[in-house]
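Colleague: I should like to learn how to read the helices, the sheet and the loops of a model. May we work through one together?

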Amino acid sequence: MDSVAPKTPVVLVHGMWSTPETLAELKQKFVDRGYGVYVPRLPYHYDLADMTPERIEGLKCSSIEDYVSVIGKLVSSLDTAPILVGHS
């Protein structure tokens with residue numbers, strides 16, 4: 001019997017002023033097709049209702065390097081290089 005290779009993992013990256021929840025519908029489409037999907041939260045990106053003064057200050061000070069670090073750590077933790085999908 002032939003074994004089916006697992007599908008390549010998918011990493012969805014939300015845009016600035018956004019949250020992982022904005023990609024929920026897209027994530028579900030990949031999940032429905034058998035993909036393992038990761039949707040990390042970029043540093044200090046929360047819904048407006050959840051933005052505290054500390055988070056607002058953190059967002060002001062965060063940089064593209066911070067975002068790359070978060071995504072890089074996730075990608076490095078996976079067994080297989082993922083499909084990376086960015087949304088902005």
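Modeller: We shall take one helix, then the sheet, then some loop residues. The model is predicted, so local features are given for pLDDT of at least 70 and side-chain atom pairs for pLDDT 80 or more, while totals for chains, interfaces and linings use all residues. Residues are numbered from 1 along each chain as its sequence is written, and side-chain values use heavy atoms, with hydrogens and water left out.

Colleague: Which residues of helix 3 are buried?

Modeller: An α-helix has 3.6 residues a turn, so residues three or four places apart point the same way. Helices (H or I, at least four residues) and strands (E, at least two) are DSSP runs, numbered from the N terminus. Buried means under 20% relative accessible area, exposed over 50% and partly exposed in between (1.4 Å probe, protein chains only). In helix 3, Y67, I71 and L74 are buried. Seen down the axis of helix 3, these buried residues fall within an arc of 60°, so they line one face of the helix; the arc is that of the directions from the helix axis to the C-beta atoms. On the other side, E65, V68, K73, S76 and S77 are exposed.

Colleague: What do the buried residues of helix 3 pack against?

Modeller: Contact means heavy atoms within 4.5 Å. The buried residues of helix 3 pack against strand 1 (10-13), strand 2 (37-38), helix 2 (53-61) and strand 3 (83-86).

Colleague: In what order do the strands of the sheet lie?

Modeller: Two strands pair if DSSP finds at least two bridges between them. Here three strands form an open sheet in the order 2-1-3, with parallel pairing. Strand 2 and strand 3 stand at the edges with a single partner strand each, so one side of each is left without a neighbour in the sheet.

Colleague: Is H14 buried or exposed?

Modeller: H14, in the loop between strand 1 and helix 1, has 2% relative accessibility and therefore counts as buried. A polar atom of the H14 side chain lies 3.3 Å from the backbone oxygen of S18, and a polar atom of that side chain lies 3.0 Å from the backbone nitrogen of L42.

Colleague: Which sign does phi take at W17?

Modeller: W17 has a positive phi of about 65° although it is not a glycine. W17 belongs to the loop between strand 1 and helix 1 and, at 69% relative accessibility, counts as exposed. Y44 also has a positive phi of about 65° without being a glycine; Y44 is partly exposed, at 37%.

Notes
Polar contact = N/O pair within 3.5 Å; in protein donor to acceptor, adjacent residues only side chain to side chain.
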